[in-house]
Amino acid sequence: MNSLAVRRLTYTIILIVAFSFVVATIYQIYNYNILIGRALESKYKENKNALNLLKKMEEEILFSVAVSIGEDSSLKNALEKNNRKEVYKILKEKWKKLKNVFNLNEIHIVKSNGESFVNFIDYGGGEIKEKDSYYLLNFRKDIKKSIETGEYVSSLFICRHFVGFRAIYPIKGDTKLLAVVSVGKRIENIIPVIKGELHKNGFTVINLKKLKECMKPHIIEKKLKENPLIDGYIILGSTGTENREFIINNLKNKFFTLNINGGTFLFTVYPLVDFDGNTIGFIVLEDDVSYLINSFNRGIVSFILTYGLLFTGVMLSIIFFSRSLGKRLSNIEKLTEKLANREFNILEQEFEKKGDKIDDIQKLKNNIIKMGKDLHNYIIEINKRMMKLSEETFTDPMLHVLNRRAFIQLGNTEIEKAKMRNIPLSIMVLDLDRFKHINDTYGHAVGDKVLKNFVETVKEIISTRELFFRIGGEEFILLLPGADIKKAVEIGEKIRKSVEKRKININGKTIGYTVSIGITQMRSEDTDIYSLLHRADKMLYVAKRSGRNRIVY
């Protein structure tokens, strides 16, 4: 390549392409970092909503237990007669039955004058049965509020024996308030529930200063012996989280990440606010997001490799064609020298060569067109792969319906659409009855057939505007945009009857199955999909308790 102009053009093009590659790489890395941040924040919100739902579930369980105790007629009679011995006897039987079933730590009867009547406590270091009378309204403000208002009170409270959630229910006689019953569960017992329900590790940190203000000294001393103390916070109910010192230092953040043993973990910080509105500690939830980070890292590496290969190919092409152009210019220079020497016979030869060079330019044009087509096909293939990856992310692999992640993404969007268009929206929670029995009796392969059969049945009934999700196991959700409660019940009844008629042939033997359904319609006060799901789950629970194979709305 003898031409100075061609060399300058080549170097300029190489510099421009190299600079573009560097800028594109920097931008892509920056963009990936933004996407990772958004993904982690979305995961944090998902964890926060799950913890809120779990907290509401625990409150409802405690409330149900408190109601069952407070509405016991024999207990009311004993309270009206002020018979502490009889109250103690009745409560002792309930304590034996309810303690292990609901993992309780306290059942406390307080008279309407603030007198502690009977108290059963298990603070984690053994049971305490308080039969002696004493007054406690000076430090149990939640009980005081229930007595003053005659209303149910739910609270997070630090008492003399433990910190935990309470449900206080007023026990009313024919004409007056007899007493209140306080049912409590230690905060340490919530972490195993999180582990069981959300399949995630975590722990509770409580401000030691707050504990010392209320809790008995010997109980605090016992907790300090059994649990670590870091920077004024005592760790309670841990399920395997490491590097707590670093975590304690980040409690001011809503969420943060930490590398542990080669993995990346997201920590969600959920504040614990007591009855007086004071933050007494936090629940810290550990979530392994290594798969998410690794996915983004693989994307960056794939981008650099792909565009690196493309960059290399472009550089080689530029050098090749610049050399070809330089050679042609060199031939033109030789031609002019020949003409200067009056060697005219070269014209005929150069004419043929000129024709050859035109063909080469046309071939170059065709190659560029082909390169463009190849690049277009490459982009189409990449988009197809991305579409397939997106579909796999939001679709149940076995049943080919939308999954829980899709429900979380689409649920709130549908609520916003319904409110914007001023149309009704209903949600249906469907749960196959005694599905565990089918799996245990006939095996998981038969259970999978039942699930597929159920999905086929539902798809035959619903239209394309309805959104069908599998959120886990044998539990499904049906979002019904534009359907009021009447229409939703009509669709649900069609599904229930169709499922009831379905039979599955297993080695010459036919088996049937049924479904229970809970339905609710969006209300004006609903701000997110979880409030609808919470009500529908309640309806489903009633359907299950009422005998199954039915709809409750």
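**Figure 1. Ile69 and its contacts in the predicted model.** Beyond its neighbours within four places in sequence, Ile69 is in contact with Leu75, Leu91, Lys94, Leu98, Ile107, Val181 and Val183. The model is a predicted one. Ile69 belongs to the largest nonpolar core, which has 54 residues. Ile69, Leu79, Ile109, Val163, Val181 and Leu211 touch the most other members of this core. Another core, of 32 residues, lies apart from it. Met428, Ile511, Tyr513 and Val515 are among the residues of that other core. In soluble globular proteins, nonpolar side chains tend to be buried together.

**Figure 2. The whole chain, with its 15 helices and 21 strands.** Of the 553 residues, 43% count as buried. Contacts between residues at least 6 apart in sequence were also examined: 63% of them join residues at least 24 apart. The average pLDDT of the chain is 83. A score of at least 70 is reached by 84% of the residues.

**Figure 3. An open sheet with antiparallel pairing.** Six strands make up this sheet, in the order 9-10-8-13-12-11. Its edge strands are strand 9 and strand 11 (255–260), and each pairs on one side only. Six bridges join strand 11 to strand 12 (residues 263–273), and the two run antiparallel. One pair of bridge partners is Phe256 and Phe267, the latter in strand 12. Helix 5 (residues 190–198) lies across strand 8, strand 10 and strand 13 (279–288). Helix 5 runs at about 30° to strand 13.

**Figure 4. Strand 10 (residues 233–236) and its side chains.** Which way do the side chains of strand 10 point? Tyr233 and Ile235 point one way, while Ile234 and Leu236 point the other way. All of these residues are buried. In a regular strand the side chains alternate between the two faces of the sheet. Four bridges join strand 10 to strand 8 (residues 202–207), and these strands run antiparallel. Thr204 stands opposite Leu236 in strand 10. Strand 9 (residues 229–230) is joined to strand 10 by two bridges, again antiparallel. Here Leu229 has Ile234 of strand 10 as its bridge partner. Strand 9 and strand 10 form a hairpin with two residues between them. In the turn, Asp231 has a positive phi of about 50°.

**Figure 5. An open sheet with mixed pairing.** Six strands stand in the order 14-16-17-15-20-21. Strand 14 (402–403) and strand 21 (551–552) are the edge strands, each pairing on one side only. Strand 14 is joined by two bridges to strand 16 (residues 467–472), and the two run parallel. Leu402 has Phe469 in strand 16 as its bridge partner. Helix 14 (residues 485–501) lies across strand 15 (425–432), strand 17 (475–481), strand 20 (515–521) and strand 21. The angle between helix 14 and strand 20 is about 170°.

**Figure 6. A salt bridge between strand 15 and helix 15.** The side chains of Asp431 and Lys544 meet at 2.9 Å, N to O. Asp431 lies in strand 15 and Lys544 in helix 15 (residues 529–545), so the pair ties together parts that are 113 residues apart in sequence. Both Asp431 and Lys544 are buried. Elsewhere, Lys43, Glu46, Lys200 and Asp287 are joined into one network by salt bridges that share partners. The structure holds 29 salt bridges.

**Figure 7. Two further salt bridges, Asp142 with Arg140 and Lys222 with Glu226.** The side chains of Asp142 and Arg140 meet at 3.0 Å, N to O. Are they buried or exposed? Asp142 counts as buried because its relative accessibility is 0%. Arg140 also counts as buried, at 2%. In the second pair, the closest N and O atoms of Lys222 and Glu226 are 2.6 Å apart. Both residues lie in helix 7 (residues 217–226), four residues apart, about one turn of the helix. Lys222 is partly exposed, with a relative accessible area of 28%.

**Figure 8. Two stretches where pLDDT stays under 50.** Residues 351–355 form one of them, and the model has zero contacts for them beyond four places in sequence. Residues 361–380 form another, with four such contacts. Where pLDDT is low, the predicted coordinates should not be read in detail.

Technical notes: Residues are numbered from 1 along each chain as its sequence is written. This is a predicted model: local features need pLDDT of at least 70, side-chain atom pairs count only at pLDDT 80 or more; totals for chains, interfaces and linings use all residues. Side-chain values use heavy atoms; hydrogens and water are left out. A nonpolar core is a set of buried Ala, Val, Leu, Ile, Met, Phe, Trp, Tyr and Cys residues joined through side-chain atoms within 4.5 Å. Buried means under 20% relative accessible area, exposed over 50%, partly exposed in between (1.4 Å probe, protein chains only). Contact means heavy atoms within 4.5 Å. Two strands pair if DSSP finds at least two bridges between them. Axes are lines fitted to C-alpha atoms, for helices over the stretch in contact, and angles run from 0 to 180 degrees between N-to-C directions. pLDDT is the predictor's confidence in each residue, from 0 to 100. A salt bridge is a side-chain nitrogen of Lys or Arg within 4 Å of a carboxyl oxygen of Asp or Glu.
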